[in-house]
Amino acid sequence: MATRYWVSSLPVGQGSSTVSLWSRLQDSISKQAFDTSLYRFNIPNLRVGTLDSLLVLSDDLLKSNSFIEGVSHKIRRQIEELERVSGVLSSSLTVDGVPVDSYLTRFVWDEAKYPTMSPLREIVDGIHVQIAKIEDDLKVRVAEYNNIRSLLNAINRKQGGSLAVRDLSNLVKPQDIVSSEHLTTLLAIVPKYSQKDWLSSYETLTSYVVPRSSRKLHEDNEYALYTVTLFIRDADNFKNKSRERNFQVRDFEYHSETQESRRQELEKLVHDQDALRSSLLQWCYTSYGEVFSSWMHFCAVRVFTESILRYGLPPSFLSVVLSPPAKREIKVRSILEGLSDSSHSTFWKSEDEGVGLGVAGDGDAHPYVSFTVNLI
């Protein structure tokens with residue numbers, strides 16, 4: 001699938017017709033740039049309005065196009081990220097079931113959605129409002145999804161860090177803890193290189209440690225997690241003595257209800273993340289189609305407006321979509337220029353300067369209307 005297209009129009013000269021001009025263009029492309037895809041871009045007879053209104057509209061077209069194109073790309077990137085995270089095979093993006101490249105190359109104006117008798121400004125403003133609403137909706141949905149992801153990432157960081165900082169709840173079982181009126185179990189974080197020192201000294205750090213009560217529960221790259229049981233009244237003293245020997249006693253209280261609550265909370269977050277991801281992905285598929293359809297109607301208005309301003313009235317031009325390979329672009333430009341009647345291009349050359357002026361802020365000046373549509 002091509003990802004870069006030119007939407008262009010050529011003026012129909014006196015004594016000629018769109019049919020004959022289309023035939024000449026097809027013939028030239030097939031002979032000189034045969035690997036360039038070429039399609040008619042069918043635009044209906046839109047309401048022209050006044051020249052002043054077209055001039056004012058043309059000033060806004062480039063900026064509006066950049067906005068619409070930006071939203072389109074933003075949704076596409078979101079789709080790609082969600083598909084990657086979900087492990088979903090990348091699917092062809094569509095507009096009502098039609099692949100987007102086919103929708104562009106076989107464009108048909110939606111009269112029901114955009115009545116041709118509506119003023120061009122009304123059509124453009126309506127498209128802009130619709131796309132802005134979709135963008136706002138995207139921001140809200142993505143923020144909701146990212147919030148869940150952030151909560152899960154925070155939990156995973158707690159569970160994935162070193163023993164000195166990570167959550168210990170999933171490493172400690174009820175049978176590891178002694179809790180009575182007089183006895184308590186502490187959790188000590190011991191540097192890996194100091195384990196022998198710990199095992200040989202913990203019983204004598206204070207006077208009220210239960211002999212042979214220390215057991216190793218877990219070990220990571222830096223630390224080992226040990227339990228130690230002692231009298232409650234000696235706990236603070238033991239913590240201080242441990243700190244002096246570079247052993248860290250972590251504050252920890254085991255409650256089975258809390259552990260179960262945390263487990264259920266984690267399961268709910270994972271479920272909510274999966275549900276939101278799936279919902280967001282489906283919304284993006286649908287919204288991308290809506291944005292792309294609106295964008296192509298906007299392009300049709302843009303071609304029509306710029307063609308009137310460039311070639312004059314009554315409307316008499318051939319609008320096309322091309323996708324030339326990079327190596328053929330210069331040749332295709334030459335073909336289009338050769339078929340343009342520059343005497344009709346009022347915005348193309350001035351008698352004094354003889355240079356391209358462009359329309360609606362286009363960077364590349366040609367004796368015909370042309371702008372690029374980047375699908376990606």
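Let's start with a sheet. Four strands form an open sheet, in the order 6-7-5-8, and their pairing is antiparallel. Which strands stand at the edges? Strand 6, residues 215–219, and strand 8, residues 248–250. Each has a single partner strand, so one side of each is left without a neighbour in the sheet. From one strand to the next, the twist averages 35°. Keep in mind that this is a predicted model.

Look at one pair in that sheet. Strand 6 and strand 7, residues 223–231, are antiparallel and share four bridges. Pick out His-218: its bridge partner in strand 7 is Leu-225.

Now add a helix. Helix 6 covers residues 235–244. It lies across strand 5 (183–191), strand 7 and strand 8. Its direction makes about 145° with strand 7.

Just after that helix, find Asn-246. It sits in the loop between helix 6 and strand 8. Is Asn-246 buried, exposed or partly exposed? Its relative accessible area is 48%, so Asn-246 is partly exposed. Leaving aside neighbours within four places in sequence, Asn-246 is in contact with Pro-191 and Tyr-193. Now compare Asn-246 with Phe-292. In sequence they are 46 residues apart; in space, C-alpha to C-alpha, they are 63 Å apart.

On to the second sheet. This open sheet of four strands has the order 2-9-1-10, again with antiparallel pairing. The edges are strand 2, residues 37–40, and strand 10. Each of these has a single partner strand, so one side of each lacks a neighbour in the sheet. On average, neighbouring strands here are turned by 25° against each other, direction ignored.

Zoom in on strands 1 and 9. They run antiparallel, joined by six bridges. At one point Pro-11 stands opposite Phe-317 in strand 9. Helix 8 packs on this sheet and touches strand 1, strand 9 and strand 10. The direction of helix 8 makes about 20° with that of strand 1.

Stay with helix 8, residues 329–338. Which of its residues are buried? Val-332, Arg-333, Ile-335 and Leu-336 are. Seen down the axis of helix 8, the buried residues fall within an arc of 160°, so they line one face of the helix. Here is the background. An α-helix has 3.6 residues a turn, so residues three or four places apart point the same way. What covers the buried residues of helix 8? The cover includes strand 1 (4–11), helix 1 (18–32), strand 9 (317–323) and strand 10 (369–374). Turn to the face away from the buried side, and you find the exposed residues Ile-330 and Gly-338.

Next, empty space. The largest pocket has a volume of about 390 Å³. It is lined by 15 residues. Closest to its centre are Ile-155, Gln-159, Asp-167, Ser-169 and Arg-262. Which elements give two or more residues to the lining? Helix 4 (120–160) and helix 7 (256–311) do. Helix 7 gives the most, with six residues.

One last residue, also in helix 7: Thr-305. Its relative accessible area is 0%, so Thr-305 is buried. What does Thr-305 touch, not counting residues up to four places away in sequence? Leu-54, Leu-57, Ser-58, Leu-61 and Leu-120.

To recap: two open sheets, one in the order 6-7-5-8 and one in the order 2-9-1-10. Helix 6 lies across strands of the former, and helix 8 packs on the latter.

Conventions:
Residues numbered from 1 in each chain as written. Predicted model: local features only at pLDDT ≥ 70, side-chain atom pairs only at ≥ 80, totals over all residues. Heavy atoms only, no water. Pairing = 2+ DSSP bridges. Axes fitted to C-alpha atoms, helices over the stretch in contact; angles between N-to-C directions. Contact = heavy atoms within 4.5 Å. Buried < 20%, exposed > 50% of the residue type's maximum accessible area, 1.4 Å probe, protein only. Arc of directions from axis to C-beta. 1 Å grid on protein atoms, 1.4 Å probe; cavity = no way out; pocket = protein on both sides within 12 Å on 5 of 7 lines; lining within 4 Å. Points joined across faces, edges and corners; volume = space filled by probe spheres on them.
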